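Good morning, and thank you for making the time. I would like to take you through one structure this morning, element by element, and I ask that you keep the view open as we proceed.

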Amino acid sequence: MEFDTALAEAWVRAIAVAVEKEQGRLTELDSAIGDGDHGSNLRRGFTAVLTALDALAPDSPGAVLTKVGGTLISKVGGASGPLYGKAFRALGAALPGPAGPAAFGEALAEGLRAVQALGKAEPGDKTILDAWAPALAAYREAVAAGADLPRAAGAAADAAEQGALATVPLQARKGRASYLGPRSVGHQDPGATSTALLFRALAEVTAEARG
Ligand code: ADP
Ligand code: MG
């Protein structure tokens with residue numbers, strides 16, 4: 001099974017549904033250690049993404065994901081817009097055609113690199129990276145052990161969710177939450193939480209496509 005154009009579209013639509021459903025929770029998390037807009041930021045972004053996708057006749061997974069990235073960069077004002085925007089553009093650039101599990105893993109690695117290049121955070125700084133990095137590690141480990149795309153994506157989603165939970169005791173060292181210093185401890189990071197949503201959506205659509 002490959003990550004093809006149809007799966008890319010299904011993934012993005014599933015993310016939009018998840019963001020719509022979880023926007024209240026994301027905003028609540030961001031109210032505790034940020035400015036309370038993470039849910040509405042992503043909702044605005046993915047609503048625009050759906051409109052852009054409707055007008056697109058993509059011929060590759062990369063075309064879909066590059067469009068997502070560009071749309072998030074232009075429509076989302078917060079830190080997460082450019083970070084996720086660059087991540088999706090990097091995913092798109094790495095997926096010029098249908099990709100098997102290993103190649104898709106390399107695309108996920110490019111996405112992580114893009115977030116890191118822009119945000120200059122390290123794992124442990126209480127950011128998106130704290131879900132994406134363990135998700136990528138779990139994905140690669142699963143593929144190395146022979147997993148297909150849905151299984152590897154399932155392992156990635158589990159690891160991303162654990163990574164998001166593991167941000168609770170961390171002190172934020174990047175982004176708005178870092179202004180709180182030690183008061184950022186004891187709260188789950190909104191961006192790591194939304195990253196877990198992305199990986200869960202991937203696990204779901206790939207599992208569904210396998211049947
Ligand atoms: P803003 O902080 O501008 O209001 P959002 O609320 O949409 O933007 O997004 C906040 C999330 O962005 C944080 O929870 C964190 O996970 C993520 N984030 C902030 N700065 C960075 C960074 N430098 N690297 C990676 N992720 C970051
Ligand atoms: Mg915010």
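Let me begin with a term that I shall rely on: a residue is called buried when its relative accessible area is under 20%, exposed when that area is over 50%, and partly exposed in between. Please also bear in mind that this is a predicted model.

With that convention, consider the loop between α5 and α6, where Lys126 is located. Is Lys126 buried or exposed? Its relative accessible area is 1%, so Lys126 is buried. The backbone deserves attention as well: although Lys126 is not a glycine, its phi is positive, at about 70 degrees. As a general matter, most residues other than glycine have a negative phi. Lys120 is a further case, with a positive phi of about 55 degrees, and Lys120 is not a glycine either. Lys120 lies in the loop between α5, residues 101–119, and α6. Its side of the accessibility scale is another one: with a relative accessible area of 56%, Lys120 is exposed, because that value is over 50%.

From this loop we pass to the helix that follows in our discussion, α6. Helix α6 spans residues 129–144 and packs with helix α7, residues 149–165. Their axes are 7 Å apart, and the angle is about 150 degrees. The two helices are therefore roughly antiparallel to each other, since angles over 145 degrees are classed in that way. The crossing in which α6 passes α7 is right-handed. On the α6 side, the contact is made by Asp130, Ala131, Pro134, Ala135, Ala138, Tyr139, Ala142 and Val143. On the α7 side, the residues include Leu149, Ala152, Ala156, Gly163 and Ala164. By character, the contact of α6 with α7 divides into 15 nonpolar residues, one polar and one charged.

I turn now to α2, which brings us to two further helix pairs. The first partner I shall discuss is α3. What is the angle at which the axes of α2 and α3 cross? The axes of α2 and helix α3, residues 61–75, cross at roughly 135 degrees and come within 9 Å. α2 and α3 are therefore oblique to each other. The crossing in which α2 passes α3 is right-handed. From α2, the contact draws on Arg44, Gly45, Phe46, Ala48, Val49, Ala52 and Leu53, and from α3 on Val64, Lys67, Val68, Thr71, Leu72 and Lys75. These residues divide into eight nonpolar, two polar and three charged.

The other partner is helix α4, residues 80–94, whose axis comes within 10 Å of that of α2, with a crossing of roughly 45 degrees. That angle makes α2 oblique to α4. The crossing of α2 and α4 is right-handed. Here the contact is made by His38, Asn41, Leu42 and Phe46 of α2 together with Ser80, Tyr84 and Phe88 of α4. The division in this contact is four nonpolar, three polar and no charged residues.

Let me stay with Asn41 for a moment. Asn41 lies in helix α2, residues 38–54, and counts as buried at 5% relative accessibility. Which residues does Asn41 touch once its neighbours within four places in sequence are left aside? They are Val76, Gly78 and Ser80.

A second buried side chain to examine is Trp11, which lies in helix α1, residues 5–33. The relative accessible area of Trp11 is 2%, so Trp11 is buried. Leaving aside its neighbours within four places in sequence, Trp11 is in contact with Phe3, Leu65, Phe88, Leu91, Phe104, Leu198, Ala201, Leu202 and Val205. Phe88 appears in this list, and Phe88 is also among the α4 residues in the contact with α2.

Finally, I come to the metal site. Which residues coordinate the magnesium ion, ligand 2? The ion is coordinated by Asp30, Asp35 and Asp37, each through OD, at 2.0 to 2.2 Å. In sequence, these donor residues are spaced D-x4-D-x1-D. Asp35, at 36% relative accessibility, counts as partly exposed. Asp37 is partly exposed as well, with a relative accessible area of 21%. That concludes my presentation, and I thank you for your attention.

Technical notes:
Residues are numbered from 1 along each chain as its sequence is written. Chains are lettered from A and ligands numbered from 1 in the order in which they are written. This is a predicted model: local features need pLDDT of at least 70, side-chain atom pairs count only at pLDDT 80 or more; totals for chains, interfaces and linings use all residues. Side-chain values use heavy atoms; hydrogens and water are left out. Donors are N, O and S atoms within 2.8 Å of the metal (3.2 Å for Na, K and Ca); water is not among the atoms, so sites may look incomplete. Buried means under 20% relative accessible area, exposed over 50%, partly exposed in between (1.4 Å probe, protein chains only). Axes are lines fitted to C-alpha atoms, for helices over the stretch in contact, and angles run from 0 to 180 degrees between N-to-C directions. Helices (H or I, at least four residues) and strands (E, at least two) are DSSP runs, numbered from the N terminus. Angles under 35 degrees count as roughly parallel, over 145 as roughly antiparallel, 65 to 115 as roughly perpendicular and the rest as oblique. A crossing is left-handed if the near helix is turned anticlockwise from the far one by less than a right angle, and right-handed if clockwise. Contact means heavy atoms within 4.5 Å. Ala, Val, Leu, Ile, Met, Phe, Trp, Tyr, Cys and Pro count as nonpolar, Asp, Glu, Lys and Arg as charged, and the others, Gly among them, as polar.
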